[in-house]
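Visitor: I'd like a close look at just one part of this model, and at how that part sits against its surroundings. Could you walk me through it?

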Amino acid sequence: MYDAIVVGAGPIGSYTAYQLAELGFEVVLIEEDEEVGKDVICTGVIGTEAFERFNLPQRAIISEIKSIVFFSPSLLTINYTPSDTLAYVVDRDIFDKEILQAAQRKGVDVYLGEQVRRINTYKDFVEVESWNGNSLETLRAKLVILATGVNYRLQRSLGLGIPPSFLKGAQTEVEVKNLRQTEIYVGRQISPGSFAWAMPLGNGWARIGVLAESKGVSHLEEFLKMRFAGRIKQENPRIVQKRIACGAVKRSVKDRILAVGEAAGQVKTTTGGGIFYGLLCSEIAVHVLQKAFSKGDLSQRGLFQYERLWRSKLGKELKMGQWARKVLRKLTDKQIDKIFRFVREKAFIKKLLEKKVKFDYHASLISSGLKLLRPK
Ligand SMILES: Cc1cc2nc3c(=O)[nH]c(=O)nc-3n(C[C@H](O)[C@H](O)[C@H](O)COP(=O)(O)OP(=O)(O)OC[C@H]3O[C@@H](n4cnc5c(N)ncnc54)[C@H](O)[C@@H]3O)c2cc1C
């Protein structure tokens with residue numbers, strides 16, 4: 001019998017399996033796709049802290065984000081150029097494959113092309129039923145880790161619940177003229193309560209996308225017409241879309257079950273980025289699991305410290321992001337322009353806000369921004 005079955009070989013599932021195997025646990029990873037990393041819908045932006053803190057594949061990095069220019073609805077700009085590189089853009093194909101290979105090198109068994117359909121929990125073990133296209137297979141372990149991304153079928157059936165809401169992330173990869181730095185656009189016409197981005201990849205290519213509360217594809221089509229007309233080489237760029245969790249699941253642990261990554265809603269509610277928060281929570285999970293295994297207590301109570309620790313680290317961030325989203329949704333384009341004008345005119349305000357910028361944590365910037373910009 002395995003110590004742990006990890007369901008889902010996205011970056012968070014593979015990294016969790018890797019860490020557990022490194023500690024000497026017997027781990028199996030089950031993934032429904034035949035190949036990991038292929039056609040993943042993601043911009044691939046990961047803050048530099050993640051690469052310093054975790055053992056991530058450097059080879060996956062394709063470009064660096066050194067500065068960002070923000071555009072208001074009437075195209076007023078605010079530039080942000082910190083002294084150090086802010087983040088990297090990765091190739092998810094290489095990123096996901098290399099983390100999986102690292103897990104395999106540590107001894108993790110991997111089954112690809114197997115969809116987990118059912119999980120039965122018993123007093124001393126968990127049983128996982130998966131479908132390989134021809135037959136149902138059954139595996140047993142002491143614990144199951146759900147790292148299924150934005151697919152919540154198993155969480156629902158186990159009573160863990162689903163995130164309170166979802167956003168739509170729509171994106172295209174195109175050849176674009178004159179895009180030298182990362183551009184972020186806000187405004188009601190772009191995406192109410194949200195934003196659009198253009199991320200240069202080098203060699204003239206870019207990922208352009210929109211995060212939207214609904215209709216991601218049509219918002220992106222409009223955005224491309226409005227801001228990139230005549231600059232994109234491809235006549236009919238292929239747009240892909242995927243939903244993104246916006247808020248945590250009700251519970252991330254049950255007896256012999258633990259959810260991590262987007263499977264637990266551990267995604268920035270401001271930007272929709274899920275890799276860094278997922279990795280942080282994976283680290284917390286492994287730390288708690290090591291103790292729970294040694295005590296022989298994999299009950300909900302034994303695993304609850306994971307729930308407590310990750311929520312105390314990220315709970316406020318998730319709530320503030322949802323709240324900021326609500327505030328932004330209510331602003332008119334004129335009001336957004338006014339805020340841009342105000343920040344541009346008052347150098348000290350811009351400096352104060354810049355001091356609060358952290359690539360992966362936004363709660364402090366949001367609360368300072370609201371205090372500084374509140375009408376007196
Ligand atoms: C347009 C867009 C842009 C984004 N840009 C960024 C970005 O720049 N930076 C960032 O950090 N995040 C970004 N994200 C979010 C990011 O892609 C996710 O948060 C991240 O992939 C979550 O990782 P994960 O390992 O938790 O889940 P996933 O990467 O989704 O992996 C889950 C895996 O589980 C498998 N699976 C699911 N159900 C089963 C089952 N029943 N049986 C077996 N296998 C199963 C799936 O096939 C999948 O391989 C973006 C998302 C979108 C849509």
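Visitor: Let's take α1 and α6: are they roughly parallel or antiparallel to each other?

Guide: Keep in mind that this is a predicted model. The axes of α1 and α6 lie 9 Å apart and make an angle of about 30°. An angle under 35 degrees counts as roughly parallel, so α1 and α6 are roughly parallel to each other. The crossing between α1 and α6 is right-handed. On the α1 side, the residues in touch are I12, Y15, T16, Q19 and L20, and they meet I275, G278, L279, S282, E283, V286 and L289 of α6. Sorted by class, that contact of α1 with α6 comes out as seven nonpolar, four polar and one charged. If the spacing of those numbers catches your eye, here's the background: an α-helix has 3.6 residues a turn, so residues three or four places apart point the same way.

Now for α1 on its own. This helix runs over residues 11-22. Its twelve residues should span 16 Å at 1.5 Å a residue, and the end C-alpha atoms are indeed 16 Å apart, so the two agree. α1 is mostly covered, with eleven of its twelve residues buried. Those are P11, I12, G13, S14, Y15, T16, A17, Y18, Q19, L20 and A21. What do they pack against? The buried residues of α1 have α3 and α6 as partners, along with the strands β1 (2-7), β2 (27-31) and β11 (136-146). After the helix comes G24, with a positive phi near 100°.

Next, the other helix partner. α1 packs with α3 (residues 92-105) at about 20°, and their axes are 8 Å apart. That angle makes α1 roughly parallel to α3. The crossing of α1 with α3 is left-handed. Here α1 uses P11, S14, Y15 and Y18, while α3 brings R92, F95, D96, I99, L100, A102 and A103. By class, the contact of α1 with α3 holds eight nonpolar, one polar and two charged residues. Y15 is worth finding on screen: Y15 is in the contact with α3 and also in the contact with α6.

One step further out, α6 has a helix partner in α7 (residues 300-330), their axes coming within 8 Å and crossing at roughly 160°. α6 and α7 are therefore roughly antiparallel, and their crossing is right-handed. Among the α6 residues that meet α7 is L289, and L289 also belongs to the contact with α1.

Note on methods: Residues numbered from 1 in each chain as written. Predicted model: local features only at pLDDT ≥ 70, side-chain atom pairs only at ≥ 80, totals over all residues. Heavy atoms only, no water. Axes fitted to C-alpha atoms, helices over the stretch in contact; angles between N-to-C directions. Helix = DSSP H or I, 4+ residues; strand = E, 2+ residues; numbered from the N terminus. Parallel < 35°, antiparallel > 145°, perpendicular 65-115°, else oblique. Left-handed = near helix turned anticlockwise from the far one by under 90°. Contact = heavy atoms within 4.5 Å. Nonpolar A, V, L, I, M, F, W, Y, C, P; charged D, E, K, R; others polar. Expected span 1.5 Å × (residues − 1). Buried < 20%, exposed > 50% of the residue type's maximum accessible area, 1.4 Å probe, protein only.
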